[in-house]
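Please look through the sequence and the structure below before reading on. The paragraphs after it give a guided reading of the interior and of the spaces that the chain encloses.

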Amino acid sequence: MKKILTLAAFAAFAASCADKNLCIVKGVLPDDMEGTYAYLCDTEDFSDVIDSVKIDNGRFTFKCSAEIPEELVLRGPMTSNGEDKFFQMIFIEPGVVTADIETGYSSGTPSNEAYAIFMKRQNEGFDRLQAAETLEQRQAIISESEENARAMMEQNGDNLFGVSMLQILNYKMSASEVVQALDAFPEAVRKSRMATRMRAKAESQLATEPGSPYIDIVLPDTGGNALSLSSVVGNPDNKYVLLDFWATWCGPCMGEVPHLKEAYAKYHGKGFEIYGVSLDGSEDAWRSGVKEHGMNWLHVLQPRKGRMEAVEAYGVESIPSNFLIDTATGLIVAKNLRGEALGAKIAELID
């Protein structure tokens, strides 16, 4: 009898642990969706279906493991125009989540409740921004929005929504500050895909700070041939190589082109080279842009399908981004040189 009781107690304990990490997502839908499906999808690729359930009696229910919390997209069936009948962000974490299809927000767990509050505030701020009449008013509203995000990150330091706020704010933080902020979250939250991706990017940025050795990348040039960064750095004619991430569709990138051309014309003969990495989705647009703007340095294209390894290696979050490499040491000596700062730095090093 004692053994039976022990086994029963163990089973009850195991069941309680399982329930503790269970997330139930439910919702009520209009009658015209009866017999169709609801989907949970990846946030980076909406076509990547994680789970699906049939809509029955106007309702759907997902049962998900939430041992490690995740942010997913809740999608409905397509209309005749190819649009989703419903689409909303949802946090998978322990508890019961009720998806409100009409408002597009969910309730029932800390991250989902906080997300709804945040988005309502953001939408109100956006309406005020559109109505603002002066630059000072717009700047005040933007600052208020950032403060709201910061306050909500601090209030949600124990759940995944707090990490999503960190993702919004990290453009103003150093890589080391991002890692430190991530370390403050509970272990389960730190293991989420959102947190691990953010940490990987921050650690890549730390690894490419000035004073760090450059990381080799190999990408196809305009002729379709593989061109490695190491072959350019290893060219004895080159003293300094600028690794430049850009795209033709990026306005600020194209605004940097005159400064790049000026520095290249003045210092290429003295050992300055540029290895431009385009993030264009169109090869034709890339080649045309290079030719049209007279960008007569080395160019390669980062494919947009699959992993963007060059972007990941250097922790690039936005473009333009650049890294100046000293070929004699293989070390990065400066990064994100914009405008006249590029020519000034090259002059300091070469002249």
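What follows goes from the nonpolar cores to the pockets and then to the cavity.

The model is predicted, and a reading of its interior can begin with the largest nonpolar core, which has 47 residues. Within this core, the residues that touch the most other members are L229, L243, F245, F272, Y275, V277 and Y314. Helix α9, spanning residues 251-267, contributes the largest share of the core, with 7 residues. Apart from this core lies another one, of 30 residues, which includes M89, Y115, M165 and A181. As general background, nonpolar side chains in soluble globular proteins tend to be buried together.

F245 deserves a separate look, with residues up to four places away in sequence left out of the count. On that basis, F245 touches V277, L279, A310, V311, Y314, V316, I319, P320, S321 and F323.

We turn now to the open spaces. The largest pocket has a volume of about 910 Å³, and among the 26 residues that line it, E44, Q167, R197, K201 and E312 are the closest to its centre. At least two lining residues come from each of β5 (70-75), α7 (193-207) and α11 (309-313), and the largest share, 7 residues, is supplied by α7. By residue class, the lining of the largest pocket divides into 9 nonpolar, 6 polar and 11 charged residues.

The second largest pocket has a volume of about 370 Å³ and is lined by 22 residues, of which Q205, G315, E317, S318 and N336 lie nearest its centre. Two or more residues of this lining come from each of α5 (175-183), α7 and β14 (321-326), with α7 giving the most, 4 residues. The lining of the second largest pocket consists of 10 nonpolar, 7 polar and 5 charged residues. Helix α7 is thus the main contributor to the lining of the largest pocket and also to that of the second largest.

Which residues line the largest cavity? With 30 Å³ or more as the cut-off, the count comes to 1 cavity, and the volume of the largest cavity is about 60 Å³. Its lining is formed by D244, W246, C253, E256, V257, L260, M295, P320, N322 and L337. Strand β11 (240-246) and helix α9 each give two or more residues to this lining, and α9 gives the most, with 4. The lining of the largest cavity divides into 7 nonpolar, 1 polar and 2 charged residues. Helix α9 therefore recurs here, having also supplied the largest share of the largest nonpolar core.

Methods. Residues are numbered from 1 along each chain as its sequence is written. This is a predicted model: local features need pLDDT of at least 70, side-chain atom pairs count only at pLDDT 80 or more; totals for chains, interfaces and linings use all residues. Side-chain values use heavy atoms; hydrogens and water are left out. A nonpolar core is a set of buried Ala, Val, Leu, Ile, Met, Phe, Trp, Tyr and Cys residues joined through side-chain atoms within 4.5 Å. Buried means under 20% relative accessible area, exposed over 50%, partly exposed in between (1.4 Å probe, protein chains only). Contact means heavy atoms within 4.5 Å. On a 1 Å grid over the protein atoms alone, a cavity is a set of points where a 1.4 Å probe fits but cannot get out, and a pocket is an open set with protein on both sides within 12 Å along at least five of seven lines; lining residues have an atom within 4 Å of a point. Grid points are joined across faces, edges and corners, and a volume is the space filled by probe spheres set on the points. Ala, Val, Leu, Ile, Met, Phe, Trp, Tyr, Cys and Pro count as nonpolar, Asp, Glu, Lys and Arg as charged, and the others, Gly among them, as polar.
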